[in-house]
Amino acid sequence: MMAAPLERCSGFSMLSPPPTEPEEVDPWERPCTEVLSGVSALLKERGLSIDLEALRLELEGSSGGPADLSVPLHRVARQGGRNPAELAAELAGVWPARGSTLSASAKGAYLNFDAEPATLAARTLELIGTRRERYGFLRSTNTSVCVEHTSANPNGPFHIGRVRNAIIGDTYARILRAAGYRVTVHYYVDDVGRQAAVISWIWSNPRAQWPPAALATLPPGREGPEAGEKADHYYGRPYPVVSALLKEDAALAADLGEYARKVEEGHAPPAHRELSERVLAGMLASLARLGIQYDEFVWESRFLADGSVDRMIARLKQAPHAVQEENGAWAIDASGYGLPQESSRLIFTRADGTSLYATRDLAYHESKFASFPRVIDVLGADHLLHSKVLDALLAEVGEPRRPEFVFYQYIQAPGGSKMSTRAGTAVYLDDLLDEAVERAHTEVLARREDLDDDAVGEIAEAVGASAVRYSILRVAPDKPVQFRWEEALSFEGRTAPFLLYSYARATTLLHKADRLDPPHPFEAGQLTAPEERRLLRALSRLPGVVRYSARTGHVHALATYAHELADAFHSCYQAVPVLRAGAERESRIALVAATRITLGVTLDLLGLARLERM
RNA sequence: GGGCCCGUAGUAUAGCUUGGAUAUCACAGAGGCCUCCGGAGCCUCGAACCCGGGUUCGAAUCCCGGCGGGCCCGCCA
């Protein structure tokens, strides 16, 4: 259900690289161009034609196979009445050796191409040496994109079900930047409407008037948060109980409705915004531990204050399918938009004339389109219908553009049930982080007796936070997952600490060689061990993975890649001596230095820590 | 009831958008590696595409129908 973002990122541009930025960004760019033009020419000579775009995608995706690049010939051969295997053999036989950096071979119906080991090594290490911290970054697209993510209501602390949004969104923003976009990250702060009013409404009432059940959520005899207690936790305490009571108690609900109406009309007491900000600050502090930050906080009330919601309502009333209900509410008859029957009437003003979430969100999106050609929203699966409603409303007001959506499924509580504060099944981000950092602390102490407390604490924080982030990132967003403590807190295998360890290992090795800063002299022909070749191939793939990840929104592809890279490094490290090597020493140091850069960039893109030691 | 998403070894996961070679990786299990630059590591082995149809030379991948799980169907957000 991932809506494929439009394909506007820079592809290989194999046939005509953009003249503005001629520099090479991907070691596979030229080999792919060579195969693409060479194979299509050979086929043409034989009266056969191949879909170049399909072949391009085939080549980009073929890096995981047994050959560096491979072209399946089943279809072309059949269409030309040829035997695929014979055709493959024939083409491999005539593949121009002169000037080609690739050797061709036939395996069944596949025409395979392999880079000479020395060529691959030279190309990859030289490119990494040139690009340095920009390796993995693609050419600029000169396109601005707005990524909205998290946007959780400021009504209590994050549980890990909600934080999947922030982690995916933040990572996608990083990847899009690497893919050449100018990215602005928005957090839409919902300070209008009934849900948003609950917290400030209850806290604005004297405690003596609180419903007993709400009062019971507070620690007795305390007037405010204790030292060390975060505002989101303290002020969020009554929220679940109060929101439940509102569903049962009509008088309470009416009271809140009146309060919410004042908020919408701009007459909110100062405490309303103040409380929202305090709770939000608590939430953001937790996200900051995960390395998540925002360029802009867009408060929903802004669109009421500046009149854009009113203007939007006026436009909607003029829309082709606008209708007024008997009680005065206005709606769009959206029967033609393919929405489920029940929701085909989209209310955009209540009977009392106040706006709804969808209406305000529409105004927000129009403001985004005024500044950004591309708009991306990261949304939970529960917002799928809302995204369709938004699309329909945009169409109704004549807006031709649409946001792109990245959806993710919720994380379920350990038992498999829904993560719910009220049911007590929620796992809080802060608790998870604290637990992870504590575990990391123990691990560091067990390994490093030489470090002082500050260093140990710093490393533990980085390891713990990275572990949490990666445990969520590594799974495809559209998979529903069940939270498991053992997995989130695991430090070996497919985890962040494994990645951080690789980076630290490479770093200390280079320190010992006194060669931390590349480029290093190397002779590509010396890097021929199978493990070295595997590592080189892994290194060479980063730009392609960034491109794929940016194009599809599959941020977990980068997480998978990171593990493959680290894995290749560990194998190589184990198999091939570096410092003790003879003639190959400098070349191997260059390989390790390139690995350190590539791993470092990958860790940055995933929002994981780079540790020099751990 | 209707719509959407997910279903891959004991557990967890990649591959699905673009059909193609022996289906990825980890944990757990069995066995091995400290003469070696960091053992949070490395090497070896066993084990999987929910079921049934269809399209195709070829289906984990596309289509249809089941089954199981999740989400949604509000003048909430």
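Leu290 sits in the loop that links α12 (270–289) to β6 (296–299). The model is predicted. The relative accessible area of Leu290 is 2%, so this residue counts as buried, the cut-off being under 20%. Beyond its sequence neighbours up to four places away, Leu290 touches Val163, Ile167, Leu429, Leu433, Ala465, Val468, Arg469 and Gly607. Ala106 is another matter. It lies 184 residues from Leu290 along the chain, and the two C-alpha atoms are separated by 48 Å.

**Domains and cores**

Chain A is assigned two domains: domain 1 covers 29–115 and domain 2 covers 143–412. Their C-alpha centres are 52 Å apart.

Which residues have the most contacts inside the largest nonpolar core? They are Phe113, Ile160, Val163, Trp203, Leu429 and Leu539, in a core of 165 residues. Domain 1 (29–115) and domain 2 (143–412) each supply at least three residues to this core. Another core, of 34 residues, lies apart from it; Ala358, Leu379, Val389 and Leu390 are among its members.

Two of the names listed for the largest core, Val163 and Leu429, also appear among the contacts of Leu290. Ile160 touches Leu429 too. The other contacts of Ile160 are Ile411, Met419, Val427, Tyr428, Leu432 and Phe483, again leaving out residues up to four places away in sequence.

**The RNA surface**

How many residues lie around RNA strand B? There are 72, and Tyr110, Asp190, Asn327, Arg505 and Arg551 come nearest. Of the strand's atoms that come within 4 Å of the protein, sugar and phosphate account for 61%. The protein surface near the strand is mixed: 30 residues are nonpolar, 18 polar and 24 charged.

Three polar contacts show what kinds of atoms meet there. Each row gives the protein atom, the atom of RNA strand B and the distance.

| Protein residue | Protein atom | Atom of RNA strand B | Distance |
|---|---|---|---|
| Gly493 | polar backbone atom | phosphate oxygen | 3.2 Å |
| Asp567 | polar side-chain atom | phosphate oxygen | 3.0 Å |
| Met614 | polar backbone atom | base nitrogen | 2.8 Å |

Gly493 and Asp567 both meet a phosphate oxygen. Met614 meets a base nitrogen. Gly493 and Met614 use a polar backbone atom, whereas Asp567 uses a polar side-chain atom.

**Two helix residues**

Ser502 belongs to helix α20, residues 496–513. Is Ser502 buried or exposed? Its relative accessibility is 0%, so Ser502 is buried. Its side chain has a partner within reach: the backbone oxygen of Phe498, at 2.8 Å. Leaving out residues up to four places away in sequence, Ser502 also touches Ala566, Phe569, His570 and Leu599.

Glu531 belongs to helix α21, residues 530–540. Its relative accessible area is 28%, so Glu531 falls between the cut-offs of 20% and 50% and is partly exposed. Ala568 is 37 residues from Glu531 in sequence, yet their C-alpha atoms are 7.1 Å apart. Setting aside neighbours within four places in sequence, Glu531 is in contact with Ser571, Cys572 and Ala575.

The two helix residues can be set side by side. Ser502 is buried at 0%, while Glu531 is partly exposed at 28%. The contacts of Ser502 include Phe569 and His570, and those of Glu531 include Ser571 and Cys572.

Definitions and conventions. Residues are numbered from 1 along each chain as its sequence is written. Chains are lettered from A and ligands numbered from 1 in the order in which they are written. This is a predicted model: local features need pLDDT of at least 70, side-chain atom pairs count only at pLDDT 80 or more; totals for chains, interfaces and linings use all residues. Side-chain values use heavy atoms; hydrogens and water are left out. Domain bounds come from an automatic or database domain assignment. Helices (H or I, at least four residues) and strands (E, at least two) are DSSP runs, numbered from the N terminus. Buried means under 20% relative accessible area, exposed over 50%, partly exposed in between (1.4 Å probe, protein chains only). Contact means heavy atoms within 4.5 Å. A nonpolar core is a set of buried Ala, Val, Leu, Ile, Met, Phe, Trp, Tyr and Cys residues joined through side-chain atoms within 4.5 Å. A residue is near a molecule or strand if one of its heavy atoms lies within 4 Å of it. A polar contact is a pair of N or O atoms within 3.5 Å; within protein, one must be able to donate a hydrogen and the other to accept it, and residues adjacent in sequence count only if both atoms are side-chain atoms. Ala, Val, Leu, Ile, Met, Phe, Trp, Tyr, Cys and Pro count as nonpolar, Asp, Glu, Lys and Arg as charged, and the others, Gly among them, as polar.
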